[in-house]
Amino acid sequence: MGVPAAGGSCSAVVATTTAAVFLLLLLLCGCGAPAAMAAPGGGGGGEQQYDGGARYKDPRQPLNRRIEDLLARMTLAEKIGQMSQIERENATADVVRGYFVGSVLSGGGSVPAPQAPAEAWVEMVNEMQRAAMSTRLGIPMLYGIDAVHGHGNVYKATVFPHNVGLGCTRDPELVKKIGAATALEVRATGIPYVFAPCVAVCRDPRWGRCYESYSEDPRVVQQMTSSIIPGLQGEIPANGRRGAPFVAGQRNVAACSKHYVGDGGTTRGINENNTAASFHELLGVHMPPYYSAVIQGVSTVMVSFSSWNRVKMHANHFLVTDFLKNRLRFRGFVISDWRGLDKMTSPEHDDYITSVKLGILAGIDMVMIPYTYTEFVDDLTALVRNGTIPTSRIDDAVRRILRVKFTMGLFEDPYGDPSLAGELGKPEHRELAREAVRRSLVLLKNGKPGQKPLLPLPKKAGRILVAGSHADNLGYQCGGWTITWQGLGGNNLTAGTTILNGIKRAVQDHGTEVVYSESPDAGFVQRNKGRFDYAVVVVGEPPYAESFGDNLNLTIPEPGPSVIRVVCGGGIRCAVVLVSGRPLAVEPYVGAVDALVAAWLPGTEGEGVSDVLFGDYGFTGKLARTWFRSVEQLPMNVGDARYDPLFPFGFGLGLETQPSTA
Ligand code: GLC
């Protein structure tokens, strides 16, 4: 909505060039024209009968012919049904059938039962699918879930490091493998669609979702986007069409780049708030990952709750239709965020029919309406019937949805495959996650002036102390979007290894006694002074998601600072491991500690931390975010004229490093 203001910084030149290069690439490879329908995973071959000449059911037919044949058969109710995505708790067979529901989702933490096994997920999804397939035209429904760091909602799934840590690996091949492993674990539960990757370029760590962002640098986010999408969806074959939605087969999933666009650039990092930027700044900082996503054939794009220069993204026709669909030639479908239309107004859901009008006319194709689907269907039907919304807009939305469903083979393989159950949390995936943990750790300090480096820690020691709230807490090390939306504390939420248990395993064959005290007091430290060879102090943030993570002061939450002061200030050489979704205000403590490690949100495989602490592997992680001195400096990002960080973007020590001066 509204043509952007002219002008902008030098990054404008970069941005425009970037966009031009992208468009040239897109045009040169003739992308956007959908590939002829290659029968995914079957089809073709023998003369299969298709009832009543229903072309759309024949996988040997060209893609567009299937789309147009089916579209021509659909009623308005069936079309609007395809545009509706409801929450699983409302998706009874009667509702799915009666409203021709095209998609169902699990919101964060929405599970068939606590600790439900893969088989229970498959049965739940298949039951809904049987209802969808029983409708007049038998259009399969698409089940989606937030698998944003592995299949985090699901009990005993492998939970990988959140994106804030993966960005520090600078290893696209590793991230691609993580995508492939995640796809297998999602398919193990019968689900073919994920609301991932988040390709936000987080420009202010006060944002509660900064841990979902790979980096503050759009180039790092682009690099990871270009890897995770083919990991999740499969690689587009050499003769494939760039720019068209692509899912290789039944061991891959449809992906969703989110949240379009500028979600990571809001004022003071306030979630869902306003991103004030010129068009060129938007193109230079927040748009590049979407160039990569479209080139990699991403199937869907999710619109951001946030606004750009005070225009809600959910109502932004210029960016959603003119730019993403027409200029970038994105051919998949655009989905709203959770109750995204409701949240266009304040109070929410005020004058809802107008929000439906604005959102659909802006170019949203599928609407995430977890609960209010009847009102949405009634309002959209009325808007089409009275001519406010042209049928052509509805048909464009449905074409895009059908294009994704046909391309991913959902018509040929609508049901979950129970034989994949063993993929969930399998050892190979946990080993991959452990490697990702190792590669994500960033060594910020190692040794005090005039002293030899503390790391790598000797496995053979008399007695060591492990302390801190995050040492023995699987939920804390996983962070948000794990088992529940906000994440949990404790060790019973799923299967994994805590950082403490990783330390114990590392030293167990070396006769070293490990003493664990979550929050030792000064008396304990004094009484034991000289009796510990060293201490590992693991502290950080409790789990959070979305606006619950917005934080303007970014201090290490208590009792972290107290434990650091008591242990590290009590005469014991100490390595502090920080478990957090972003840089925190650590300057007051850096001088007191012997070593400082950023572990981010490592996930279930805590042994990846001890692997590096004890030197079995080196530190290779490099900061993908600037580490500020104080929050008063924020926002502060690499390339800024005013740039005085505690640790700069790209910083990361190796094990051979001499003691720092800090
Ligand atoms: C949430 C998030 C989005 C997520 C969706 C479904 O509000 O903004 O990232 O995919 O709802 O859970």
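1. Start with the ligand. This is a predicted model, and 13 residues surround the ligand in it. Of these, D146, R209, K258, H259 and D337 come nearest.

2. Now look at the polar atoms. An N or O atom in the side chain of D146 lies 2.5 Å from an oxygen atom of the ligand. For the side chain of R209, the corresponding distance is 2.8 Å. For the side chain of E546, it is 3.1 Å.

3. Next, find D263. Which loop holds D263? D263 sits in the loop that runs between β5 (256–260) and β6 (274–275).

4. Is D263 buried or exposed? D263 is buried. D263 also has no salt bridge. The nearest side chain of opposite charge belongs to R209, and that is 6.3 Å away. A salt bridge needs the charged atoms within 4 Å. R209 appears at the ligand too, as one of the residues that come nearest to it.

5. What does the side chain of D263 make a polar contact with? The partner is the side chain of H259, at 2.9 Å. H259 is also among the residues nearest the ligand.

6. Check the other neighbours of D263. Leaving aside residues up to four places away in sequence, D263 touches C198, A200, W207, K258, S304 and S306. K258 is another residue listed among those nearest the ligand.

7. Last, the domain record. An unreviewed UniProt entry lists residues 441–654 as "Glycoside hydrolase family 3 C-terminal". In the model, this span is 19% helix and 15% strand. The C-alpha atoms at its two ends lie 11 Å apart.

Notes
Residues numbered from 1 in each chain as written. Predicted model: local features only at pLDDT ≥ 70, side-chain atom pairs only at ≥ 80, totals over all residues. Heavy atoms only, no water. UniProt positions renumbered as here; feature names shortened; annotations may be inferred. Helix = DSSP H or I, 4+ residues; strand = E, 2+ residues; numbered from the N terminus. Buried < 20%, exposed > 50% of the residue type's maximum accessible area, 1.4 Å probe, protein only. Lys, Arg positive; Asp, Glu negative; His and termini not counted. Polar contact = N/O pair within 3.5 Å; in protein donor to acceptor, adjacent residues only side chain to side chain. Contact = heavy atoms within 4.5 Å. Near = heavy atom within 4 Å.
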